Amino acid sequence: MDYSLAQQSHQGGRDYNEDRTAIYERDDCVLLVVADGLGGHAGGDVASQAFVDAMGDSFRKATPQQLEKAESFLTLSINYAHHTIHRRAVSQGFNVESPKTTCVVCLIYKGVARWAHSGDSRLYLIRKRSVKFVTTDHVSKKEGREHNSPINRCVGGLEGPKPEISEPHEMRDGDIFFLASDGAWAAFKPQDLTDYVDPEHPSLGLDSLLQKLENRNKAPSDNLSVVVMFWGIKQMESPNYDEFHEPDTIQLLDDSITASRVQSKASEEKDAAPKEKFDMKDLDNAIFEIESFISELDDKL
């Protein structure tokens with residue numbers, strides 16, 4: 001697979017950066033992640049960091065067969081991240097209902113992409129300088145109020161996550177994925193990528209792009225975070241793709257649980273059939289299996 005990638009995050013005009021980004025890579029597979037901890041809720045940075053960590057654990061432990069079943073992988077991994085946020089919240093002394101995050105993730109396996117989002121973090125699919133697809137924000141619209149509408153879906157908190165998952169998308173040369181928190185997409189235009197970002201060396205222009213987007217935002221700007229992928233471009237650079245960490249954020253405790261062996265659905269849904277609701281019992285069983293698996297490894301080591 002030929003592609004180039006980059007990620008960047010700016011604190012903007014906020015006191016803290018509650019955004020997190022991550023890029024995870026394996027043979028024939030890439031996972032792109034943006035999480036935006038909810039402001040106004042204690043522990044937003046705890047939630048977003050726990051989310052990217054849990055998604056990375058799931059990605060590293062999943063088998064190729066599980067990654068190929070992208071809808072199942074994304075659903076179970078996001079639900080696992082939800083439980084990881086709860087554990088981090090308790091370990092950090094937060095009320096379990098407070099730390100929350102929006103998210104957008106994209107899994108590309110052997111040239112086929114599927115993405116999932118919850119809240120108002122967005123994914124743009126751009127081709128030939130025009131937007132071919134953009135995710136729909138999960139917000140509660142109020143009459144006469146166009147901006148700052150309350151988010152009605154997230155990960156973390158008391159309600160279970162309800163991620164919206166795309167249909168499969170077969171990648172074409174020239175496709176661009178632009179994943180962004182709301183602070184970054186608020187003033188974003190597809191032409192910005194052409195003006196600021198070199199497809200072969202995308203990390204070189206992202207800082208300038210985010211600075212431009214921040215200048216366009218109404219002060220004080222929200223945190224701004226993006227992950228960008230150019231498909232069909234031979235990767236010319238090897239930057240460090242570890243998760244973004246803001247130096248002044250609180251130190252998180254290490255989780256003893258990592259995600260593994262994501263369970264797949266028993267059968268594919270028929271086109272005409274309504275989608276089944278996610279069964280939390282399946283998730284509980286999956287988490288028990290994960291914990292047992294990790295415990296067995298610890299005993300052997």
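Where in the chain is Pro220 found? I will come back to that residue towards the end, but please keep it in mind while I walk you through the rest of the structure, which is a predicted model.

Let me begin with the chain as a whole. The chain has 301 residues, and 52% of them count as buried. Its secondary structure is made up of seven helices and twelve strands. If we take the contacts between residues at least 6 apart in sequence, 75% of them join residues that are at least 24 apart. The accessible surface of the chain comes to about 15,000 Å², and carbon and sulfur atoms account for 46% of that surface.

I turn now to the nonpolar core. As a general matter, nonpolar side chains in soluble globular proteins tend to be buried together. Here the largest nonpolar core has 29 residues, and the members that touch the most other members are Val33, Phe51, Phe59, Leu67, Val105 and Leu107. The elements that contribute two or more residues to this core are β2, covering 19-26, β3, covering 29-37, α1, covering 44-61, α3, covering 70-91, and β4, covering 100-109. To give you a feeling for one of these residues, Leu107 touches, among others further than four places away in sequence, Cys29, Leu31, Phe59, Leu67, Phe73 and Leu74.

Two of the contributing elements deserve a closer look, and I will take β3 before α3. All nine residues of β3 are buried, and this holds for both faces of the strand, with Cys29, Leu31, Val33, Ala35 and Gly37 on one side and Val30, Leu32, Val34 and Asp36 on the other. On the pairing side, eight bridges join β3 to β2 in an antiparallel arrangement, while nine bridges join β3 to β4, again antiparallel. Val30 is a convenient residue to follow here, since Glu25 stands opposite Val30, and Ile108 is the bridge partner of Val30 in β4.

Between β2 and β3 there is a loop, and Asp28 lies in that loop. The hairpin formed by these strands has two residues between them, and within it Asp28 takes a positive phi near 60°, although Asp28 is not a glycine. With a relative accessible area of 38%, Asp28 is partly exposed.

As for α3, 19 of its 22 residues are buried, so that the helix is mostly covered. How far apart are the end C-alpha atoms of α3? They are 31 Å apart, which agrees with the 32 Å that the 22 residues should span at 1.5 Å a residue. After the helix comes Gly93, whose phi is positive, near 80°.

Let me move on to another part of the chain, an open sheet of five strands. Its order is β1-β12-β11-β6-β7, with antiparallel pairing. At the edges stand β1, residues 3-10, and β7, residues 130-134, and because each has a single partner strand, one side of each is left without a neighbour in the sheet. On average, and ignoring direction, neighbouring strands of this sheet are turned by 20° against each other.

Within the sheet, β6 (residues 122-127) and β11 (residues 176-180) run antiparallel and are joined by five bridges, and Leu123 has Leu179 as its bridge partner in β11. Strand β6 also holds Tyr124. Is Tyr124 buried or exposed? At 8% relative accessibility, Tyr124 counts as buried. Its contacts beyond four places in sequence include Val131, Phe133, Phe178, Trp185 and Phe188. Tyr124 and Val228 are 104 residues apart in sequence, yet their C-alpha atoms are 9.6 Å apart in space.

Following β6, in the loop between β6 and β7, we find Lys128. Lys128 has a positive phi of about 55° without being a glycine, and with a relative accessible area of 77% Lys128 is exposed.

Finally, helix α6, residues 203-216, lies across β1, β11 and β12, and runs at about 40° to β1. This brings me back to the opening question, for Pro220 is found in the loop between α6 and β12. The peptide bond leading into Pro220 from Ala219 is cis, with omega near -5°.

How values were computed
Residues are numbered from 1 along each chain as its sequence is written. This is a predicted model: local features need pLDDT of at least 70, side-chain atom pairs count only at pLDDT 80 or more; totals for chains, interfaces and linings use all residues. Side-chain values use heavy atoms; hydrogens and water are left out. A nonpolar core is a set of buried Ala, Val, Leu, Ile, Met, Phe, Trp, Tyr and Cys residues joined through side-chain atoms within 4.5 Å. Buried means under 20% relative accessible area, exposed over 50%, partly exposed in between (1.4 Å probe, protein chains only). Helices (H or I, at least four residues) and strands (E, at least two) are DSSP runs, numbered from the N terminus. Contact means heavy atoms within 4.5 Å. The expected span of a helix is 1.5 Å times one less than its number of residues. Accessible areas come from the Shrake-Rupley method with a 1.4 Å probe; for residues, only the protein chains shown count as cover. Two strands pair if DSSP finds at least two bridges between them. Axes are lines fitted to C-alpha atoms, for helices over the stretch in contact, and angles run from 0 to 180 degrees between N-to-C directions.
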